[in-house]
Amino acid sequence: MEVPADMLPLNASCNMVDGKAEEEEDLFMRRISSTSAVYLKTTWDGRFRPWIILGVMIFDEAIHPDRMWQLLVERLHRFDRFQCRVQVNSDGSFIFQQVREIDRSYHLVEVNATGWTADHLNQYLSHVYSEDKDLTRPLWRVHVLNGMAGGRHGVLVNVDHALGDGASMVEVLLTLMDPSGPDAHPSNSPSWARKEKSAAKVVENNVTPARRSLNGPGKKAATSSVWRKVVGAAGQACWIWGVLVWGAIEPIVLPFLPPDAPSILKPLDVHPSKKKIIARAETMSLDRVKAIKNQFPGATVNDVLSATLALALRKYYREAGDKVRSIRVTFSVNVRSPSEELVTLGNRVCNDHLLFTFGNFSSRLATVWTVKRQIDRVKRSPKVLILFKMLRFVAYFLTNDQLVWLFHYMLSR
């Protein structure tokens, strides 16, 4: 039996029975977790824009569509969610239902990007963000953008958040780009080894006490006397205990905290919509970020980038004449344990926030230390894990309309 070149059969084998070809397919079904279902429930009626993850990769050489499709066929088979569409049960729950074929004409989008500038690419990304979901197909697409200005060529990966969070999508990209081949075990591949080494360093940074947060910049840890050691250890223990206690209480009082003061980036009557405007900044060398990070003992790349964001926002507000004193910035926190593997797709993240009080940013150095102290507090606090457990519980029982109302309310804060 011939299969069209633009169709990818999944788990199919052909046997001859009474002179005819018979397909034996083992199509599986799997219930979608309550946390992953949140991204479907809140966009079901079209009031929210789809929750999607976009990744853009730029190359110096043109992308051959046939080779790209072959790469997708060879390497995405290990991720079962990329073989499934979403189906709604009679009780309102969602399941992943494996499909019989993956249609190349839908999942591989060839775009004529001749002469595209950065503005053209941003406009295209904004358009992709607002597209409605086709739930009859697996929730992913790959866009090939050949011929952009400056001799550049791009690949845009568009994945629905219901398939997994950003951390697990990085594993998908590593699988696509891994030179070791489609059947290489992750632990044996060079990219996986580099990622494991980096992840181990992140874990080490997460569990190391933030002595700089306690002592302040420029002060040496007290080690010259037993008395100072005792006082320092007691102070650190009290600080950690306070973080744990408040981390357990804060998720309960969070919905009742006063909203942010209105600003040009967040007006008083803000409401979510399906429209999203993409504005990408100039690229920054990771080596440069690491060089800055190395000047701050105990700091991480995220600390430096978050401080950079705080300074950029302060500059934006000042140039616009907005006298807002502080804002809260939301970010995602990975709640996986160090032993959990990313090869199993899913949503194991929860949102938390940082408070940028611009009056505390007297200098760039002070900004890094101020932001780092907040991030260290998030790392040690159980708040995010508690919020994640609460979200799983609430999402399981709330209807689509109730979840939409809850998201509207939280976004308005």
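Asp160 is found in strand S11; helices (H or I, at least four residues) and strands (E, at least two) are DSSP runs, numbered from the N terminus. The model is a predicted one, in which local features need pLDDT of at least 70 and side-chain atom pairs count only at pLDDT 80 or more, while totals for chains, interfaces and linings use all residues. Residues are numbered from 1 along each chain as its sequence is written, and side-chain values use heavy atoms, with hydrogens and water left out.

With a relative accessible area of 3%, Asp160 is buried; buried means under 20% relative accessible area, exposed over 50%, and partly exposed in between, with a 1.4 Å probe and protein chains only. A polar atom of the Asp160 side chain lies 2.8 Å from the backbone nitrogen of Ala162. Leaving aside neighbours within four places in sequence, Asp160 is in contact with Leu40, Trp51, Ile52, Lys133 and Leu139, where contact means heavy atoms within 4.5 Å.

Strand S11 (152–160) also takes part in covering helix H4: what covers the buried residues of H4 includes S11, strand S5 (52–59), strand S9 (108–112) and strand S10 (140–148). The buried residues in H4 include Leu121, Asn122, Tyr124, Leu125, Ser126, Val128 and Tyr129. An α-helix has 3.6 residues a turn, so residues three or four places apart point the same way. Helix H4 covers residues 118–129, and its twelve residues should span 16 Å at 1.5 Å a residue, the expected span being 1.5 Å times one less than the number of residues. The end C-alpha atoms of H4 are 17 Å apart, which agrees.

The wider setting can be given in totals. The secondary structure of the protein comes to 13 helices and 13 strands. Of the 413 residues in the protein, 38% are buried. Among contacts with a separation of 6 or more, 75% are between residues 24 or more positions apart. The accessible surface of the protein comes to about 23700 Å², and carbon and sulfur atoms account for 57% of that surface; accessible areas come from the Shrake-Rupley method with a 1.4 Å probe, and for residues only the protein chains shown count as cover.

A search of the whole structure finds six salt bridges, each defined as a side-chain nitrogen of Lys or Arg within 4 Å of a carboxyl oxygen of Asp or Glu. One of them joins the side chains of Arg30 and Asp80, at 2.4 Å from N to O. This pair links distant parts of the chain, 50 residues apart: Arg30 is in strand S4 (residues 29–31), and Asp80 is in the loop between helix H2 (65–75) and strand S6 (84–88). Both count as partly exposed, Arg30 with a relative accessible area of 43% and Asp80 with 24%.

Another salt bridge is formed by Asp134 and Arg137, whose closest N and O atoms are 3.0 Å apart. Asp134 is partly exposed at a relative accessible area of 24%, and Arg137 is partly exposed at 25%. Elsewhere, salt bridges that share partners join Asp66, Arg104 and Glu110 into one network. Within that network, the side chains of Arg104 and Glu110 meet at 3.6 Å, N to O. Arg104 is buried, with a relative accessible area of 15%.

Two loop residues show positions that are separated in sequence. Ser33 sits in the loop between S4 and helix H1 (34–41) and is partly exposed at 31% relative accessibility. A polar contact of 3.2 Å joins the side chains of Ser33 and Thr35; a polar contact is a pair of N or O atoms within 3.5 Å, where within protein one must be able to donate a hydrogen and the other to accept it, and residues adjacent in sequence count only if both atoms are side-chain atoms. From C-alpha to C-alpha, Ser33 and Ser93 are 9.2 Å apart in space, with their positions 60 residues apart in sequence.

Thr300 is placed in the loop between helix H9 (286–293) and H10, and counts as buried at 13% relative accessibility. Thr300 and Lys372 are 72 residues apart in sequence, and their C-alpha atoms are 8.5 Å apart in space.

Helix H10 (residues 301–320) holds Tyr316, which is partly exposed with a relative accessible area of 42%. Tyr316 forms a nonpolar surface patch with Ile264 and Leu265, together offering about 280 Å² of accessible area. Patches are made of residues with over 30% relative accessible area and no salt bridge, like charges being joined within 9 Å and nonpolar side chains (Val, Leu, Ile, Met, Phe, Trp, Tyr) within 5 Å.
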